[in-house]
Amino acid sequence: ADRLEKWLAGAIADVESRGWFDISGGVYRNERTIVDPATGNHTRPDRVVVREDGGVEIIDYKTGSMSQEHISQVRGYMDSYRRMGYADVSGYIWYLGRDVIQIDN
């Protein structure tokens with residue numbers, strides 16, 4: 001447990017500059033179901049940050065290999081948020097353990 005906690009703290013420190021875990025401003029949602037207003041589909045992004053300026057950052061965590069399916073999944077989340085009226089939406093796939101972040105804008 002100690003080793004895992006240390007590893008996770010290091011991973012979070014690696015993305016500290018992105019503000020994904022700085023809860024001092026904005027709204028942070030973890031594993032909250034969203035309903036796409038156009039399709040009625042229910043999805044659940046891993047983390048959504050609604051910044052104070054109204055922009056949205058969607059972060060999906062992955063532990064496996066990079067995949068086109070992951071990109072499609074995050075694009076779907078982004079499309080849902082745009083249909084909910086958010087204009088400035090960014091999507092990220094954070095491959096834990098590989099320390100790779102793939103940006104999908």
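These are my notebook entries on what I looked up in this predicted model.

**Entry 1: the overall build**

I started with the fold as a whole. I found two helices and seven strands in the protein. Read from the N terminus, the order of the elements is α-β-β-β-β-β-α-β-β. The radius of gyration is 14 Å and the globule rule gives 13 Å for 105 residues, so the protein is as compact as a globular protein of that length. I also looked up the box that the C-alpha atoms fill, and along the principal axes it is roughly 45 × 30 × 25 Å.

**Entry 2: inside and outside**

Next I asked what share of the 105 residues is buried. Buried residues make up 35% of them. The accessible surface comes to about 6,400 Å², and carbon and sulfur atoms hold 47% of it. Then I turned to contacts between residues at least 6 apart in sequence: 50% of these join residues at least 24 apart.

**Entry 3: charges**

I looked up 13 positive and 17 negative charges, and their mean positions are 3 Å apart. A reminder to myself: side chains of opposite charge can pair when their charged atoms come close. How many salt bridges does a search of the whole structure find? It finds five.

One of these salt bridges is between Arg-83 and Asp-36, whose closest N and O atoms are 2.5 Å apart. Arg-83 sits in helix α2 and Asp-36 in the loop between β2 and β3, so this pair ties together parts that are 47 residues apart in sequence. Is each partner buried or exposed? Asp-36 is buried, because its relative accessible area is 3% and buried means under 20%. Arg-83 has 43% relative accessibility and counts as partly exposed.

I then moved along helix α2 to Asp-79 and Arg-82, which form a salt bridge at 3.6 Å, N to O. They are three residues apart in the helix, which means about one helical turn separates them. Both count as partly exposed, Asp-79 at 34% and Arg-82 at 36%.

Salt bridges with shared partners also join Arg-51, Asp-53 and Asp-88 into one network. Within this network, Arg-51 and Asp-53 meet at 3.3 Å, N to O. Asp-53 is exposed at 60%, while Arg-51 is partly exposed at 24%.

**Entry 4: an unusual backbone angle**

My last stop was Glu-31, in the loop between β1 and β2. Most residues other than glycine have a negative phi. Glu-31 is not glycine, yet its phi is positive, near 50°. With 39% relative accessibility, Glu-31 counts as partly exposed.

Key:
Residues numbered from 1 in each chain as written. Predicted model: local features only at pLDDT ≥ 70, side-chain atom pairs only at ≥ 80, totals over all residues. Heavy atoms only, no water. Helix = DSSP H or I, 4+ residues; strand = E, 2+ residues; numbered from the N terminus. Buried < 20%, exposed > 50% of the residue type's maximum accessible area, 1.4 Å probe, protein only. Rg over C-alpha atoms; globule rule 2.2 N^0.38 Å. Contact = heavy atoms within 4.5 Å. Areas by Shrake-Rupley, 256 points an atom, 1.4 Å probe, with all protein chains shown as cover. Lys, Arg positive; Asp, Glu negative; His and termini not counted. Charge placed at Lys NZ, Arg CZ, Asp CG, Glu CD. Salt bridge = Lys/Arg side-chain N within 4 Å of Asp/Glu carboxyl O.
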